[in-house]
Structure formats: C-alpha cells, structure tokens
Amino acid sequence: MTRDDGRMRMTVLGGYLGSGKTTWLRHQLHHGQFKDALVIVNEVAETPVDAAILGDVPNLAVLAGGCVCCQARSKLVSLLREVCDARSRLDSSRERLQHIVLETSGLADPGPIVEAVRGDSVLVHHIVVSEIIVAVDALNALQQLRSEPLGRAQVEVADRLVVTKIDVAQVAALTRLLATLRRLNPGAMISGAARGSAGGLPACDDADPEPLPEPPAEAGRSPIFATRLVLDPTIDWTAFSVWLSALLHARGDDVLRVKGVARTPAGRLLLQSVRKTVQSPEILPEQNDRVDNIMVVIGRGYRAEDLRRSLQYFATAERT
Amino acid sequence: MCASCGYPAAPGHWTDAGATDPGDRIRARFRRAQVLNAVLRPYGLTAHDGGLIPGLQIATLSGSQTIVDDLDGVWVAAERLAGGAVDPLDARFVRTGSEAP
C-alpha cells in the first residue's frame with residue numbers, strides 16, 4: 001500500500017488489437033482483482049463489444065467511437081472529471097471510489113493518456129496513474145512488433161507485460177517473443193496468461209530476440225536500451241531531481257521511461273516517468289529488505305556512461 | 001486544501017516530493033539553487049533562491065532576469081536566455097573522473 005493522499009489510483013490496461021485485454025480483465029474481475037474499481041472501456045468502433053463481453057461489472061463506463069489517446073481524449077477527460085466530481089460530492093462517511101481501470105482501445109498509446117491525466121488541472125488533483133499493464137499476444141506479437149510502431153510504443157511504456165494465449169503458442173516462438181520483449185522493455189515485469197488465468201512462462205535466457213526493423217519514422221536511430229543508475233550516498237535527491245528534469249527537458253523524446261525508488265528525507269519515493277511526463281512521486285512504506293536508490297532509465301540516443309558521469313557532475317559540481 | 005474551492009493542495013512539482021517538513025524543504029531549495037548555479041554558470045546564467053518567496057530567479061550575467069515556478073520553468077527560461085537547451089549530456093557535463101577538477 002502506498003501513502004493515501006486521497007487520490008484515486010488508475011490502472012491503464014493497453015495492448016494491440018486482439019491481444020486479449022478484455023479476456024484478461026474479465027478474468028481478473030471475476031477473481032476479485034480491481035474490486036470496487038470503476039472500469040472504463042474505450043473502443044474505437046461506435047458499437048461497444050467489450051462492454052458486452054465483460055458482462056455484469058457493477059461499475060462500468062464505455063467510451064465508444066474514438067481512441068482516448070488521440071481523437072477521444074477530451075471525452076476521456078470529461079468523463080474522468082465527472083467521476084471526480086461525483087466522488088468529491090460524497091460526504092466523508094461514505095465509501096469513496098479508490099481505483100479506476102481504463103481498458104484502452106487496441107490502437108491507443110498509453111503515453112498520451114498518462115499525459116492527459118497529468119496535464120489536466122482538475123484530474124491531477126484526483127487521479128494518479130499507478131500502473132500501465134500491456135497485453136501482448138503470444139501468437140501475433142512478433143509480427144506486430146515488426147510492422148507496427150504502435151505495438152512497440154505500447155510495449156516500451158509498460159510497467160507490466162502480460163503475454164496472453166500462451167496455451168496455444170509454440171514454445172520456440174514464445175521464448176523468442178519473451179527475449180524480444182526483454183530487449184524492448186527490460187524494466188517491465190513479464191507474466192503469462194491463458195484465457196485470463198495466470199500461466200508459467202518458459203525461460204528465455206538462451207533465446208535470441210527477434211531482429212526488429214527500425215520503424216520508418218525512426219530509421220537511423222539507435223536501439224532502445226536500459227541503464228541502471230545507482231544513486232550512491234554522494235547523489236542526493238535534490239541533485240538527482242535537478243538532473244532528471246534537465247535530462248527530460250533536453251532529451252525527453254529519447255528517454256522513454258524512468259522508474260525506481262529513491263530514499264529521500266521524506267521517505268522512500270517511487271518515481272516514474274513516461275517520456276517527458278513525470279508522475280507525482282508516491283511515498284512508499286519503509287521496507288528494510290528492499291534495495292533502493294536504483295533508477296532504471298530506458299531510452300536511446302545516448303551512452304549509458306554519459307548518464308552516470310553527467311549525474312555525478314550535477315551531484316558534486318558545486319564543490320568546485 | 002484551499003478553503004474556497006475545496007481542492008486538495010496542489011501536488012506540487014514532482015521534484016519537490018523529496019522534502020515534506022519545512023526544514024527539509026528550505027534545505028532542498030538552497031541545495032537546488034546550488035546545483036543549478038554549478039550547471040548554469042557555463043551558460044552565463046545564475047540561479048538565486050532567497051528562500052522567502054516561492055520561485056527561483058534566473059539571471060544572465062548582463063542582468064536580465066526572470067522568476068520561474070519550478071525546475072521545468074528553469075529549463076525553459078535557461079533555453080530562452082542562453083539561446084539553446086541546457087543538455088545534461090553535453091560534453092562539459094560528461095567529463096571522466098580524471099578530467100574532473
């Protein structure tokens with residue numbers, strides 16, 4: 001549990017068309033996950049089908065006819081504002097909504113959705129995006145990753161990847177997919193699912209990742225990699241935050257994701273960013289067995305050692 | 001909490017999250033100005049935070065200055081005043097340990 005700052009947590013569930021988002025979500029709901037959450041389903045088509053599949057979810061809202069990361073973004077913002085408004089009107093003795101699950105359309109990039117919530121002057125006070133879960137189709141994902149930049153964008157920003165349809169995928173193809181996913185998003189937790197229920201995944205240590213062609217818009221750009229930054233005692237939170245804000249300002253299109261826990265005078269801070277947008281950090285409870293002060297930076301177009309040196313410069317330069 | 005509108009206090013800039021009590025907050029502000037000065041000096045800029053009023057003053061050596069709310073504002077103002085983005089991966093910031101003073 002995180003510190004209760006009164007804001008609702010929002011889980012964004014994304015994944016390419018037909019990747020099994022709804023099936024997975026239905027199974028989770030059936031088993032009591034996301035209990036009491038408001039489920040928002042977005043579909044590009046005018047006729048909502050997913051809502052029918054989900055069946056009798058007590059608290060369900062549908063946004064049909066447009067993708068919430070682009071043309072229907074204002075619809076999402078106004079729906080969320082209504083939800084926040086209704087919640088704020090409840091007196092404090094009543095049970096208030098704590099969690100929202102947003103199932104995006106298969107064509108949505110979760111990044112702009114996080115930005116929409118973070119950038120809205122009302123929503124930022126009421127909602128914090130706590131997790132981005134992306135469903136990955138074990139049968140079709142490799143082909144999608146090869147041909148669709150969007151499929152890659154979805155995988156790159158995920159906190160958690162759920163590989164679906166593992167019961168019908170061949171082991172060789174599955175290990176290759178897992179190795180590819182590890183390469184695209186080394187920081188994400190990967191789990192498997194078959195018709196929504198959790199399943200084991202084969203080890204992929206020996207498998208080679210699929211050589212993915214550069215998407216047309218990004219031809220000539222270097223591959224994405226993850227860098228582990230250790231915040232040793234010489235690097236305080238203030239210096240780190242000055243450094244990271246400068247980095248995101250100058251290199252925000254290259255630095256796709258930053259995630260980690262830092263120890264600060266205020267406690268353990270969970271920090272995460274998606275491209276240029278940084279979530280307000282959450283204060284985590286003290287847990288002595290955790291290894292903190294490690295930040296994972298995922299991006300491209302720079303050298304890992306330059307990140308370390310530059311951070312060190314920011315942390316120690318004033319003593320010159 | 002604002003007494004008029006009922007909104008909870010603004011979450012603030014994410015970089016402010018590391019300090020919650022007043023002592024830590026003021027220390028963090030001075031430290032922030034210290035780090036910024038080291039970083040902005042090569043660009044001909046200075047940062048000043050007196051600790052009394054919110055915001056940071058960014059000034060050029062010729063005296064033109066601006067007040068910004070937070071670090072995002074600092075980098076936008078620095079880019080405008082210095083005529084180019086302050087890039088932490090610029091060669092001047094990635095010297096190796098032996099080259100560092």
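A residue is called buried if 20 or more other C-beta atoms lie within 10 Å of its own. Keep that cut-off at hand. The model used in these exercises is predicted.

**Exercise 1. Take stock of chain B.**
Task: State what share of the residues in chain B is buried, and which pattern of helices and strands chain B follows.

Solution.
- Step 1. Apply the cut-off to the chain. Chain B has 101 residues, and buried residues make up 28% of them.
- Step 2. List the elements. There are two helices and three strands in chain B.
- Step 3. Read along the sequence. The pattern is α-β-β-β-α.
- Step 4. Look at the contacts in chain B with a separation of 6 or more. Residues 24 or more positions apart account for 26% of these.

**Exercise 2. Build the sheet of chain B.**
Task: Give the strand order in the sheet of chain B, and find which helices lie on the strands.

Solution.
- Step 1. Order the strands. The open sheet runs β1-β2-β3 (chain B), with antiparallel pairing.
- Step 2. Find the edges. β1 (45-48) and β3 (65-68) of chain B each pair on one side only.
- Step 3. Check the turn. On average, neighbouring strands of this sheet are turned by 20° against each other, direction ignored.
- Step 4. Examine one pair. Four bridges join β1(B) to strand β2 (residues 56-60) of chain B in the antiparallel sense. L45(B) has T60(B) as its bridge partner in β2(B). T46(B) has A59(B) there.
- Step 5. Add α1(B). This helix packs on the sheet and touches β1 and β2 of chain B. Its direction makes about 175° with that of β1(B).
- Step 6. Add α2(B). This helix lies across β1, β2 and β3 of chain B and runs at about 15° to β2(B).

**Exercise 3. Follow the side chains of one strand.**
Task: Sort L45(B), T46(B), A47(B) and H48(B) by the face to which they point.

Solution.
- Step 1. Go along β1(B). The side chains alternate.
- Step 2. Take one face. L45(B) and A47(B) point there and are buried.
- Step 3. Take the other face. T46(B) and H48(B) point that way and are not buried.

**Exercise 4. Test two helices of chain A.**
Task: Compare the expected span of α8(A) and of α3(A) with the distance between the end C-alpha atoms, then place the buried residues.

Solution for α8(A).
- Step 1. Helix α8 (residues 171-184) has 14 residues. At 1.5 Å a residue, 20 Å is expected, and the end C-alpha atoms are 20 Å apart, which agrees.
- Step 2. The buried residues of α8(A) are L174(A), L177(A), L178(A), T180(A), L181(A) and L184(A).
- Step 3. Seen down the axis, these buried residues fall within an arc of 165°, so they line one face of α8(A).
- Step 4. V171(A) and A172(A), on the other side of α8(A), are exposed.
- Step 5. What does the buried face pack against? The buried residues of α8(A) pack against β5 (127-137), α6 (141-147), α7 (149-157), β6 (160-164) and β7 (189-194) of chain A.

Solution for α3(A).
- Step 1. Helix α3 (residues 73-89) has 17 residues. The expected span is 24 Å, and the end C-alpha atoms are 24 Å apart, which agrees.
- Step 2. L76(A), L80(A), V83(A) and C84(A) are the buried residues of α3(A).
- Step 3. Their arc is 95° seen down the axis, so they line one face of α3(A).
- Step 4. The other side of α3(A) has exposed residues, among them S74(A), E82(A) and R89(A).
- Step 5. The buried residues of α3(A) pack against β2 (38-43), β3 (60-64), α4 (110-119), α5 (123-126) and β5 of chain A.

**Exercise 5. Read the sheet of chain A.**
Task: Give the order of the eight strands of the open sheet in chain A, and name the edge strands.

Solution.
- Step 1. The order is β3-β2-β4-β1-β5-β6-β7-β8 (chain A), and the pairing is mixed.
- Step 2. The edge strands are β3 and β8 (197-199) of chain A.
- Step 3. From one strand to the next, the twist averages 25°.
- Step 4. β5(A) and β6(A) run parallel, joined by five bridges. V136(A) has V163(A) as its bridge partner in β6(A).
- Step 5. α7(A) packs on the sheet and touches β1, β5 and β6 of chain A.

**Exercise 6. Inspect where the chains meet.**
Task: Describe the side of chain B that touches chain A.

Solution.
- Step 1. 31 residues of chain B are in contact with 32 residues of chain A.
- Step 2. α1 (22-40) and α2 (71-82) of chain B each give two or more residues to this side. The largest share, nine residues, comes from α1(B).
- Step 3. Sort the residues on this side of chain B. They divide into 20 nonpolar, five polar and six charged.

Technical notes: Residues numbered from 1 in each chain as written. Chains lettered and ligands numbered in written order. Predicted model: local features only at pLDDT ≥ 70, side-chain atom pairs only at ≥ 80, totals over all residues. Contact = placed C-beta atoms within 7 Å. Nonpolar A, V, L, I, M, F, W, Y, C, P; charged D, E, K, R; others polar. Expected span 1.5 Å × (residues − 1). Buried ≥ 20, exposed ≤ 12 C-beta atoms within 10 Å, placed from the backbone. Arc of directions from axis to C-beta. Pairing = 2+ DSSP bridges. Axes fitted to C-alpha atoms, helices over the stretch in contact; angles between N-to-C directions.
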